[in-house]
Amino acid sequence: MRNAVVIPIFTLLVLSGILGLYLWQIGTGQKSLNYLPSALIDKPAPKFILPPINNDGEGFSTEMLYGKISLVNIWASWCIPCRAEHPFLMELARNGFTIYGINYKDEPKNADRFLQVLGNPYLAVGADSSGLTSIDWGVYGYPETFIIDRRGYIRYRHVGPISATDLSNKILPILRRLKN
Amino acid sequence: MIAETGQFTLALALIIAVVQGTLPLAGAVQNNSRLMALGSSSATSLFFCVLASFGCLIIAFVVSDFSVFNVVQNSHTNKPMIYKISGVWGNHEGSMLLWVTILTLFGASVAVFGKNLPDSLRATVLSIQGLLSASFIAFILFASNPFLRLDPAPLEGQGLNPILQDPGLAFHPPFLYIGYVGFSIVFSFAVAALIEGKVDPAWARWVRTWTLAAWCSLTIGIALGSWWAYYELGWGGWWFWDPVENASLIPWLIGTALLHSAIVVEKRDALKSWTILLAILTFSMSLLGTFLVRSGILTSVHTFATDPERGVFILILLILISGSALILYAFRASSIRTGGFFSPISREAALIFNNLLLTTGAAVVLLGTLYPLFLDALYGAKVSVGPPFYNATFLPIMAPVLVACVIGSMLSWKRGDLAGVFGRLKAAIIVTLVVVFIITLLNGSSDFLVALALGVAAWIIIGTLVQVSERLNLLNIPLYKSVYRAKNLPRAFWGMVVAHSALGILVIGITISSAWRVEQIQLMKSGDKISAGGYTLTFSGTIPISGPNYTGIQGKFKVERNGEEVTVLKPEKRSYPAEKNQTTEAGILSTISGDLYTVLGEMSDNEEWSTRIYFNPMVNWIWIGAFLMAFGGLISLTDRRLRFGIWQRFSKKFVRKAV
């Protein structure tokens, strides 16, 4: 019986060791519970052609992603976090980064008003009124932002609104790295 | 003032708990009866201090004192009173305080009801209980203080998460905690036995009583939680293998094993050190469950907040408590003398079989729960372990337990006669085979596993009834004599009968509701008809509604069966402005043969609503089974031999008064 107790003690040690390691990783910011990997990382962006929001302009399609580094932001006027991240998208656009928008299941009227009031950071916006294109992108919640390289490959996925720290610690470093 | 009183009484409680945790133990070691006597008085005063502190927090919630941070975060003036109160334990800090309140309540009840225990055993048990209380009170005071003030105080609170505003959930945490924490007493008794180096019948009786009580409560807590998930989350399912559900299932499984092995200690004086180990493991798993929920380390519906610091604190407590108990066990277990030899075919052996499978099952669930976390910690890979894993591993381990529970309870102690038992079970064998045959015949071989599972359910129920009829000698002697016998059978036997049959009912509910469930998702306009489970539903559009702290939309389905109107189901979508959150309220027609379950989805263009209609056949049998199982435990608790000590005390008092 004395030997048998080695098993629970050993289990306890291993268990608490790994749990402790995990807590430490979360505490120091190496791991995040909100981090969701994308199965599409380092794969080509899905093929799609989306119409423009109000039947004016050219819409947004896969072809437009080739040749330059860009961000693809999935948003909607009804989505409150999208409003929160909007100033950061504006800032990125002011600094010369290319941002495309996929407008998810939205009223064209509301989407237009959103851009008129808050500003339009997008080079082009496609209206995904059925939501099918967002499914192809593997979108999990709104907003989401993808970084696409020159070949049209997805290099990074950001779930949820972009915050100031996300911008300086994640998005900008990746954009800079891709540029070089 | 209220918050400061609460904090002060809690700090006072910490001091008392430290006293309770050290002096009575020292007294037991030195055989000093005055120090030992300190255990009882400190345990009761500790309880009243913690209760006062908990009461202060409740008052702060009831009067909506928004200068208390915890109240701001979890309450709102518009909330109905019951949810103001349940909001106290609907958050991390408050639920930890409830945890400690129950912990000290149990310590106090050992002090009050434990007069028949040997002095040194009682003192040691109370000391260990005191140490446990001290650790958790320190955790509350230093890492999750519910009485933090907020200055300036806001005018309104942020409200409780609306999915938690539900009667089922108001009572789910208290029951679950009584279960979790109830095992702390068993743990204290186990450690005390290791310190004392002996296990006597009084010990076994206490351990069995507390295990039963904690187990009943845990069963009810889990059932309430699953019932809530079923009607509130609107997914139509009742068990999702969610990490936190698993965290309650693991102690339940080991606790079930403990429940059975404690019988062997009590009746046969065997399996002592194994029972002590199980007692330590059960409470360790309760702590692990608390850790998983409280640290927010696993993302789930229960995650309140991710706070690594708190996680570290509970993890350290877990290591200290379980680690020291296990090390003590390693050194002292061999000093506990085990008597009572038995052959491989005997009730003892059957209970060992039950124990091994239940603990293996618990280990599998533990592995499945923690595997994603381990993988992420070590390799940074994200995976999720879902129902297919548990169906492939957990169910095959549980199946033999179900089959064996009938046989085991019919074997005699020491040396059983397996062939004889099968002979006595002829009726059950026949019924089982008929059930399997008929269901395969009706549904084809694709449903063979379903047929098998229902056969197992029939086996358990009929097999258990066979035992009843044997004990009553039904049909052989006149009925009135059988009734007389029934009255004289031990309550523990009736408890076993109810709990085992309930297990059969549970298996029926689980099998049929998951195998023959009907699910329909469609767009419906007002006037559209749809049929499910023999009912015809007519959708008659939606109306806006408003409640005390929410507004929403209510759909209407007229439900007809054979052309006659049965009821009108009104599923709702509610939106809670204070909490900025939405909930789905399913409209459910609940009958014993199945539930008609309607959920209102989104409105699409041209006034069409997406609706989900489920027919969940016999799903209620799951909760009926679970509650009956707990009821069986309660019957067993009233057994004469378990209340003997209390009865003796009362009768003594009575005699003294009479004289």
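User: What is the strand order of the open sheet in chain A?
Analyst: Keep in mind that this is a predicted model. The sheet is open, has 5 strands and shows mixed pairing. From one strand to the next, the twist averages 20°. Reading across chain A, the order is 5-4-3-6-7.

User: And which are the edge strands?
Analyst: Look for strands that pair on one side only. In chain A, that description fits strand 5 (124–128) and strand 7 (154–159).

User: Which residue is the bridge partner of A:Thr145?
Analyst: Strand 6 (residues 144–148) of chain A pairs with strand 7 of chain A, in the antiparallel sense and over 5 bridges. The partner sits in strand 7 of chain A, and that residue is A:His158.

User: Which helix packs on the sheet, touching strand 6 and strand 7 of chain A?
Analyst: Its direction makes about 170° with that of strand 7 of chain A. The helix spans residues 164–179 of chain A, so to speak the sheet's packing partner here: helix 5.

User: Which helix gives the largest share of the largest nonpolar core?
Analyst: That core has 188 residues, and the members touching the most others are B:Val186, B:Phe189, B:Ala190, B:Ile254, B:Ala279 and B:Ile280. The largest share of this core is 19 residues, from residues 201–232 of chain B, or helix 8.

User: What does B:Ala190 touch, not counting residues up to four places away in sequence?
Analyst: B:Ala190 is among the residues touching the most other members of the 188-residue core. With those sequence neighbours left out, its contacts are B:Ile276, B:Ala279 and B:Ile280.

User: How many residues are in the other core, the one with A:Leu50 and A:Trp137?
Analyst: This core lies apart from the largest one. A:Met64 and A:Val125 are also among its members, and the count is 31 residues.

Conventions:
Residues numbered from 1 in each chain as written. Chains lettered and ligands numbered in written order. Predicted model: local features only at pLDDT ≥ 70, side-chain atom pairs only at ≥ 80, totals over all residues. Core = buried A, V, L, I, M, F, W, Y, C linked by C-beta atoms within 7 Å. Buried ≥ 20, exposed ≤ 12 C-beta atoms within 10 Å, placed from the backbone. Helix = DSSP H or I, 4+ residues; strand = E, 2+ residues; numbered from the N terminus. Contact = placed C-beta atoms within 7 Å. Pairing = 2+ DSSP bridges. Axes fitted to C-alpha atoms, helices over the stretch in contact; angles between N-to-C directions.
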